[in-house]
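Got your viewer open? Here is a short tour, stop by stop, with something to select at each one.

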Amino acid sequence: MATLAIFRSAGASLPRRSFQTCQMAFTQSRRNLSSYLVTPKELAEALKKSPPSPISPEPRVIPLCAAWFLPNDERKGIEVFREKRIPKARFFDLDKVIDKRSPYPHMLPSPETFAEAMSSLGIRKDDTVVVYDSKELGIFSAPRVGWTLRVFGHPKVHVLNNFKIWVEEGYPTESGELYSVECNPYPIPKLDESKVATFEQVREVALDSNKEGAEGVQIIDARPAGRFTGKDPEPRKGLSSGHMPGSINIPFTAVLDPKTRAYLPKDQLKSLFEEKGVDPAKPIISTCGTGVTAAVIDTALEEAGYGTPETRRVYDGSWTEWAQRANPSDSLIRKDE
């Protein structure tokens with residue numbers, strides 16, 4: 001605030017246009033983060049400049065915890081949030097902010113449900129939201145929540161790379177029960193359908209796989225290799241493993257550093273996609289088990305400069321929907337011999 005006071009007092013001796021330019025530069029320096037993925041240092045500095053104060057009328061930086069664990073894991077996201085979190089963070093429940101009418105898990109909520117969730121979290125449309133994961137898993141579910149916010153048009157969204165490093169480098173944390181936040185009316189948004197792939201669209205791509213004259217849309221599957229080949233079972237009971245025709249297997253763990261569980265550097269991500277035969281000039285659909293780690297791949301593609309927001313999509317229903325809806329007579333579930 002002292003710096004802002006200096007700009008104000010200096011404004012008396014500056015031409016109006018120059019003063020407005022100074023104010024604009026100051027505002028941008030306070031709020032802009034460098035890229036979609038942000039480091040712990042960048043987030044810590046941003047929080048100092050624009051803390052998530054409930055009384056501030058200015059746009060704020062809001063840490064949003066998206067910790068989530070697989071159904072067969074005894075840990076719960078809300079529990080690790082209570083144990084250790086970024087100060088003043090809010091918790092986004094990936095099991096609740098969904099389409100509850102759908103038989104498939106984690107399907108995108110309706111615009112009304114999304115707006116209600118954002119309102120209850122006290123997040124305003126002009127806030128900068130930085131989504132982060134648990135320290136236990138590193139990058140895992142935060143990209144899905146970041147993607148969800150983008151799909152619903154939240155203007156300033158970032159993903160922390162990552163909370164595990166935040167904790168290890170000694171940045172501040174807090175613990176305890178949830179605290180009350182002041183609800184803010186969040187406008188009902190419009191869903192950006194260009195970022196979402198449906199079953200029908202993916203089925204068309206799979207049926208056209210390797211056919212002459214096909215569009216050449218690439219499908220990247222983020223599940224582990226054993227589930228992709230069909231050798232290992234799916235974690236959800238009664239669901240067949242295997243893969244879609246023509247899909248490329250890149251387990252989401254391949255884009256992460258095995259020690260820090262943060263994203264690999266851009267040049268390493270680019271080399272990985274090149275090795276796997278991904279063409280940056282062709283459209284890409286990312287898929288996984290339920291649409292969570294598909295967003296990990298989608299973010300890695302963005303970091304590596306593969307595709308554009310217009311040519312990259314995430315298959316919302318992913319394998320859980322595919323394995324239940326694909327017609328066996330179409331040979332849309334392949335297994336390696």
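## Starting inside: the cavities

The largest cavity holds about 60 Å³ of space. Keep in mind as you click around that this is a predicted model. To see the walls of that cavity, select Cys65, Val80, Phe81, Glu83, Lys84, Tyr132, Asp133, Ser134, Lys135, Glu136 and Phe163. Color them by class and you'll get 5 nonpolar, 1 polar and 5 charged residues. Which helix gives the largest share of this lining? That is α4, with 3 residues.

How many cavities of 30 Å³ or more does a search of the whole structure find? There are 2, so go to the second largest next, where about 40 Å³ of space lies. Select Phe92, Leu94, Val97, Ile98, His106, Met107, Leu108, Pro109, Arg144 and Thr148 to bring up its lining. By class, the second largest cavity is lined by 7 nonpolar, 2 polar and 1 charged residues.

## Out to the largest pocket

Keep Phe92 selected, since Phe92 also turns up at the next stop: among the 26 residues lining the largest pocket, Ile78, Phe91, Phe92, Asp93 and Lys96 lie nearest its centre. Center your view on those five. The space in this pocket comes to about 490 Å³.

Now show α4 (77-83), β3 (90-91) and α5 (111-120) as cartoon; each supplies at least two residues of the pocket lining. You've met α4 already, as the source of the largest share of the largest cavity's lining. In the largest pocket, too, α4 gives the most, with 3 residues. Color the whole pocket lining by class and you'll have 17 nonpolar, 2 polar and 7 charged residues.

## Last stop: strand β9

Select residues 284-287, which make up β9, and turn on the side chains. In a regular strand, side chains alternate between the two faces of the sheet. Here, Ile284 and Ser286 point one way and Ile285 and Thr287 the other. Are these residues buried or exposed? All of them are buried.

Next, add the neighbors. Strand β7 (residues 218-221) runs parallel to β9, and 4 bridges join the two. For one of the pairings, click Ile220, whose bridge partner in β9 is Ser286. Then bring in strand β10 (residues 312-315), also parallel to β9 and joined to it by 3 bridges. Here the pair to pick is Ile284 with its bridge partner in β10, Arg312.

To finish, trace the chain from β9 through helix α11 (residues 294-304) to β10: this β-α-β crossover is right-handed.

How values were computed: Residues are numbered from 1 along each chain as its sequence is written. This is a predicted model: local features need pLDDT of at least 70, side-chain atom pairs count only at pLDDT 80 or more; totals for chains, interfaces and linings use all residues. Side-chain values use heavy atoms; hydrogens and water are left out. Buried means under 20% relative accessible area, exposed over 50%, partly exposed in between (1.4 Å probe, protein chains only). Two strands pair if DSSP finds at least two bridges between them. A crossover is right-handed if, with the strands pointing away from the viewer, the path from the first strand over the helix to the second runs clockwise. On a 1 Å grid over the protein atoms alone, a cavity is a set of points where a 1.4 Å probe fits but cannot get out, and a pocket is an open set with protein on both sides within 12 Å along at least five of seven lines; lining residues have an atom within 4 Å of a point. Grid points are joined across faces, edges and corners, and a volume is the space filled by probe spheres set on the points. Ala, Val, Leu, Ile, Met, Phe, Trp, Tyr, Cys and Pro count as nonpolar, Asp, Glu, Lys and Arg as charged, and the others, Gly among them, as polar.
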